[in-house]
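The following exercises are to be worked with the sequence and the coordinates at hand. Each task is followed by a solution in steps.

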Amino acid sequence: MLRTAITENGKVRGIAAADPRITAFKGIPFAAPPTGKNRWRAPQPCQSWDGVMDCARFKPISMQDTPGLGDGLYDREWHVDPNVPMSEDCLYLNVWTPAKSADEKLPVFVWYFGGGLQWGYPLEMEFDGERMARRGIIVVTVNYRLGVFGFLAHPQLTAEQPDAPTNFGSLDQQAGLRWVVRNIAAFGGDPQNITIGGQSAGGGSVMSQITCPDNFGLIKRAIVQSGMIRSPYMQDNFGKPTPLSEVEKRGEKFFCEYLGVRTLEEARKLDPFFIRDKYGEYAASNPRFFTNRDDKFAFGDPIKLCAQGKSANIQIMAGNTVDEFRSVIRADSREELEKKAAEYFGEDAKRFLAIDEVYSGEEGFYGDVSGIECTCKALFLKYREIGNDFDCYYYTFNPDIPGDDHPGSFHSSELWFMFETLAKCSRPFVGRHYDLARQMCNYWCNFIRSGDPNGPDADGTPMPRWEAYTKDSRCGMSFVSEGCVPVNKDTELVSFLVDEVAKKLSE
């Protein structure tokens, strides 16, 4: 097995995974520590080392609220350890490789975790890359700065470093990707066959990365899980970068009213845990720091940029869980519903109101759909319209997730399945869940390998055929209690809304 590798900065030694055919390299530095003068600065080159760096343990997580202190769903699900090491020195990545030598040119999957760009870390239990690696995939999980450490903007930052004034967490993700391009061959990987993927804010991060021109040519394909969070009805700004000038004012307020400083030099001398705690106070009554439109890394709404052909020319797999981020029209009367329909759809409002499915929701809630589903599918249609002739694949996830809390197909629940890490979960999963996870992981790895999710199951029998989503073939795959069920058409309501969202993406 390939237990050591020579990177551009020095030699690293990994450790045998639970399956000794897989080697895990944990905590490889890909940039200099973002501390001191490097706080709120684009990631800087990593220093080289002598000898062999031991990469048998994960490095600290990014600065964030201490995980595992509450009794919320995610604290019970995977943020279970309040004693997990945390540090501002956090720019490390992890590699799982099945390679026996460095010349195998295996496909590579680079993963960005979710958590609203405020929380999360690569060493969460569900992100173990071993099961994917057993399928011949090299898995890389990248850490990045979060919250005020990752996305602060301030006039002094813009003046000092105009080429990288903000979006430091996004630049960390990009630096991790570039490190993979330069170094993954040493781990048996193919730098010409890299898929990036992420879920929730990680999925949104994927959209940001594939619409940054500096990344074009580095990425072969993308997987966006629950990352296109938009309503098909009203206009919203979820996931759209905030103008830099607006966030600079927030940064000034944070410095003066919460940190008690006026200069960047003063702020860079403060203790990181003090800054973290003050950010918690700030966020209680002010907008958090997210991706900002700086016209250096982020150039606008990534979904619209993709729809307009201003993105990497790549295949996309995207989808959602059924119960997350449902979109409805709230109206107390038929008259109010008609007014809102006219506002949202103009001349097409009568077509919307004539669809029986519109009225199948709760009283006062009309047109219950997944906004993510409508957005993903609309983007796929636009992709074809602008001349891309490659296939894109849509999925939906809705099995019976067991547990006394009866959680439904909650946001992030598919992560246990696509990484095939159910055995680490405390939920009482049984055989059918493990079968579904095995097949989902197969589909994901097939897409990472070749851009086509289809192929045989572990016993050699063909898995259900997953067709691409197109205007004339509105297909997808539904992962449900019964297994993997192909879908070959949209409901009338979804079909209408997909077409409406596609129109808006052209505006």
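**Exercise 1. Surroundings of Pro-33.** Determine whether Pro-33 is buried, partly exposed or exposed, and state which residues it touches.

*Solution.* The model is a predicted one.
Step 1: the relative accessible area of Pro-33 is 33%, so this residue is partly exposed.
Step 2: Pro-33 belongs to the loop that runs between strand E4 (23–29) and strand E5 (52–54).
Step 3: leaving aside residues up to four places away in sequence, Pro-33 touches Asn-38 and Asp-89.
Step 4: Glu-248 is 215 residues from Pro-33 in sequence, and the C-alpha to C-alpha separation of the two is 24 Å.

**Exercise 2. Placement of Thr-242.** Assign Thr-242 to a secondary-structure element and list its contacts.

*Solution.* Step 1: Thr-242 lies in strand E11, which covers residues 242–243.
Step 2: its relative accessible area is 18%; because the limit for a buried residue is under 20%, Thr-242 is classed as buried.
Step 3: when residues up to four places away in sequence are not counted, Thr-242 is in contact with Val-247, Arg-250, Thr-291, Asn-292 and Arg-293.
Step 4: of these, Arg-250 recurs in the next exercise as a residue of H7 that meets H9.

**Exercise 3. Packing of two helices.** Describe the geometry and the composition of the contact between H7 and H9.

*Solution.* Step 1: helix H7 spans residues 244–259 and helix H9 spans residues 272–283; their axes are 10 Å apart and form an angle of about 110°.
Step 2: an angle of 65 to 115 degrees counts as roughly perpendicular, and therefore H7 is roughly perpendicular to H9.
Step 3: H7 contributes Arg-250, Phe-254, Tyr-258 and Leu-259, which meet Phe-274, Ile-275, Lys-278, Tyr-279, Glu-281 and Tyr-282 of H9.
Step 4: sorted by class, the contact of H7 with H9 comprises 7 nonpolar and 3 charged residues, with no polar ones.

**Exercise 4. Cysteines.** How many disulfides does the model contain, and why is Cys-55 not bonded to Cys-46?

*Solution.* Step 1: a disulfide requires two cysteine sulfur atoms within 2.5 Å.
Step 2: for Cys-55 the closest cysteine sulfur is that of Cys-46, at 10 Å, which is too far for a bond.
Step 3: for Cys-212 the closest is in Cys-306, at 12 Å, again too far.
Step 4: the count is accordingly 0 disulfides.
Step 5: Cys-55 is buried at 0% relative accessibility, and Cys-212 is buried at 1%.

Technical notes: Residues numbered from 1 in each chain as written. Predicted model: local features only at pLDDT ≥ 70, side-chain atom pairs only at ≥ 80, totals over all residues. Heavy atoms only, no water. Buried < 20%, exposed > 50% of the residue type's maximum accessible area, 1.4 Å probe, protein only. Axes fitted to C-alpha atoms, helices over the stretch in contact; angles between N-to-C directions. Helix = DSSP H or I, 4+ residues; strand = E, 2+ residues; numbered from the N terminus. Parallel < 35°, antiparallel > 145°, perpendicular 65-115°, else oblique. Contact = heavy atoms within 4.5 Å. Nonpolar A, V, L, I, M, F, W, Y, C, P; charged D, E, K, R; others polar.
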